[in-house]
Amino acid sequence: MDCSTTSMTNDRVTIDRKRIFNNDRTVDCNQLVPIKYRWAWNYYLDGCANHWMPTEVSMQRDIEQWRDPKAFTEEERHAIKRVFGFFSTAESLVGNNLVLAVYRCVDNPECRQYLLRQAFDEAIHIHAFQYIVQSLSLDEGEIFNMYREIRTIYDKDEHAMSCTGNILDTQWDTKTDVGIQNLLKNLIGLYVITEGIFFYAGFVTILSFGRQNRIPGSCEQIQYILRDESVHMNFGIDLINTIIDEHPQVWTDVFKNQIVEFIKNGVNLEVNYINECLPNGILGLNQDLLKEYIQYIADRRFSRLRLPVQYGAGNPFPWMSEVIDLKKEKNFFETRVTEYQTGGALEW
Ligand code: FE
Ligand code: MN
């Protein structure tokens, strides 16, 4: 039975035949139940509980502050624009990878239920940066072209996309161990490196302004995005580990070493980006502290992937630990984000 064309049969879908991806196409991809991967369904529910819309956040104070020539130093403006420049296209890049590559390969219905939710989250994130850029009257051409004009941003995006090409090849499939390794590498590139490492220097930078009550609307949106991204990454890591558990023969020592190098390479690119964003440091942030922080979160990602930690770095921003990677997605901000559940419950 093919995924898109079904035929008459008495052969019902049972849980034990369900897989993350169905090599032989014998299991219907349209049947959510019986649910095998309960964790995927739970991430879908978590994602929906976190729903928000950018335009519900007031940008009035950000607009006033941004217009005030004395409100920011040139270096602060440079850092803020670099962060928005990276995110404004990175969110589209993630959405495209998700829909064109991941969704195509991962055909289990409960995983796809979450992927559909995540895809909508990415649309909201793309909207958020469009809304911020428009509100602050930033130069759209400058911000949206940074991924082609600024080397350190280009390099991050190039690294993120480097493993998508393989699985978009029409000859590619998950019947071979190499094919499954390609899928894993793409999932790690997307969920662990792009969403789990490349986003974090930007999160720290904007949230540092928020801690001083500056650009509070942008900061509030970044908090919602961080909350969403935390769910995305946790789903991604559970997906990756489930594929590894179902296909242990592909998780060889050679492949594990390749993955470690792949992630360390991502860390180096993030450090280059930090150095370009913050040449002299701002707001108690500097290149060394941010580098240490990125190494610290990379070690956490290695642990989640059951790989040896590589840096042994400490957390230089303990205030961020409150907001990162918590299993329970509620109550980790001290602001009203905590109570944010559905559009109907909003009171700004
Ligand atoms: Fe996103
Ligand atoms: Mn995401």
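Donors are N, O and S atoms within 2.8 Å of the metal (3.2 Å for Na, K and Ca), and since water is not among the atoms, sites may look incomplete. The model is predicted: local features need pLDDT of at least 70, side-chain atom pairs count only at pLDDT 80 or more, and totals for chains, interfaces and linings use all residues. Residues are numbered from 1 along each chain as its sequence is written, chains are lettered from A and ligands numbered from 1 in the order in which they are written, and side-chain values use heavy atoms, with hydrogens and water left out.

The iron ion (ligand 1) has the protein donors Glu-91 (OE), Glu-122 (OE), His-125 (ND1) and Glu-229 (OE), at 1.9 to 2.2 Å. Four donors count as tetrahedral if all angles lie between 85 and 135 degrees; four count as square planar and six as octahedral if opposite donors are over 155 degrees apart and all others between 65 and 115; anything else is irregular. The angles at the iron ion run from 85 to 139 degrees, and its site is irregular. Of these donors, His-125 sits in helix α4 (residues 109-135) and Glu-229 in helix α11 (residues 216-246), 104 residues apart; helices are DSSP runs of H or I, at least four residues, numbered from the N terminus. His-125 is buried, at 0% relative accessibility, where buried means under 20% relative accessible area (1.4 Å probe, protein chains only).

The manganese ion (ligand 2) is held by Glu-122 (OE), Glu-195 (OE), Glu-229 (OE) and His-232 (ND1), 1.8 to 2.2 Å away. Glu-122 bridges the two ions, which lie 3.0 Å apart. Because Glu-122 lies in helix α4 and His-232 in helix α11, the pair ties together parts 110 residues apart in sequence.

How values were computed. Helices (H or I, at least four residues) and strands (E, at least two) are DSSP runs, numbered from the N terminus. Buried means under 20% relative accessible area, exposed over 50%, partly exposed in between (1.4 Å probe, protein chains only).
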